[in-house]
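Here are my notes on the model, as numbered points. Please read them with the structure open.

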Amino acid sequence: QQLKRVEAACRKEDREVSKSRPSRRHPAHFGRRRKQSLRVWFGFDTSGSMISSQLSLVEAELYGLLQRGAELHIFQVDTELKKRHEFKRHHRLEHFYGRGGTEFSPFLLAIRRAPRHERPALAIFFTDGYGGIESYVETIKSETGGSLYEEFCARRPTCTPEGVQLLWLLAEHRATPEDFREVVPFGHIAILPGVSEEEDAKQEE
């Protein structure tokens, strides 16, 4: 539900010319119809602490985004950005690259370095919550100054410093939202149901 609420808030309405829908005011002219568009960047923590059964939990969410007309790009991240590709209806989340440690900075830096017109309206990152943003923070402070970043974080914003709405999907039974907030002081947080590490170990046997 949290994902849908954030998604709805981020959606923008565009209007495009439509030959099949005449203008109500001027029947001789082409009308316009509303076209809802949303560019979404969806990042995955593919570190060794994340297993395929956890990562598969988000697949239904991805298909839901596509059905609602989102333009969806996938980012596979551990300590660096391993792979990026556009996600289509026929795709499956079966092959993962990386499996090292965890660092959220590559994903956040990709947002920062992207031209404004290519940035997403919504960024989502699925993780167990064990990671850091040290490199990203260092970059922000070197470019804007430490005081500005601290003032930004003090407001508990739901977006990144670049103005992109951000949702952290935390796997259940891993890092708590309180502990995660100490690491990343911005963005929405939602818990995605899943099995505990003990239950998962039994399933792997």
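1. Start with helix H6, residues 146–154. Tyr149, Phe152 and Cys153 are buried there. These three residues cover an arc of only 95° around the axis, so they sit on the same side of H6. Helix H5 (134–144) is included in what covers the buried residues of H6. After H6 comes Arg156, with a positive phi near 50°.

2. A word on confidence. This is a predicted model. The chain has an average pLDDT of 81, and 73% of the residues score at least 70. Among the elements, strand S1 (residues 12–22) has the lowest mean pLDDT, at 51. Helix H4 (residues 105–113) has the highest, at 97.

3. Next, the charged pairs. Side chains of opposite charge can pair when their charged atoms come close. The count here is seven salt bridges. Three of the pairs are taken up below.

4. Which residue does Arg68 meet in a salt bridge? The partner is Glu7, at 2.8 Å from N to O. Arg68 lies in the loop between helix H3 (59–67) and strand S3 (70–77), and Glu7 in helix H1 (residues 2–10), so the pair ties together parts that are 61 residues apart in sequence. As for exposure, Arg68 is partly exposed, with a relative accessible area of 31%. Glu7 has 2% relative accessibility; buried means under 20%, so Glu7 counts as buried.

5. Where do Glu162 and Arg112 lie in the chain? First the pairing: they form a salt bridge, with the closest N and O atoms 2.6 Å apart. Glu162 is in the loop between H6 and strand S6 (165–171), and Arg112 is in helix H4. The pair links distant parts of the chain, 50 residues apart. Glu162 is buried, with a relative accessible area of 13%. Arg112 also counts as buried, at 18% relative accessibility.

6. The side chains of Lys141 and Glu150 also meet in a salt bridge, at 3.3 Å from N to O. Are these two buried or partly exposed? Lys141 counts as partly exposed, at 33% relative accessibility. Glu150 counts as partly exposed as well, at 43%.

7. Last, the network. Arg112, Glu143 and Glu162 are joined into one network by salt bridges that share partners. Two of its members, Glu162 and Arg112, are the pair with closest N and O atoms 2.6 Å apart.

Note on methods
Residues numbered from 1 in each chain as written. Predicted model: local features only at pLDDT ≥ 70, side-chain atom pairs only at ≥ 80, totals over all residues. Heavy atoms only, no water. pLDDT = per-residue confidence, 0-100. Helix = DSSP H or I, 4+ residues; strand = E, 2+ residues; numbered from the N terminus. Buried < 20%, exposed > 50% of the residue type's maximum accessible area, 1.4 Å probe, protein only. Arc of directions from axis to C-beta. Contact = heavy atoms within 4.5 Å. Salt bridge = Lys/Arg side-chain N within 4 Å of Asp/Glu carboxyl O.
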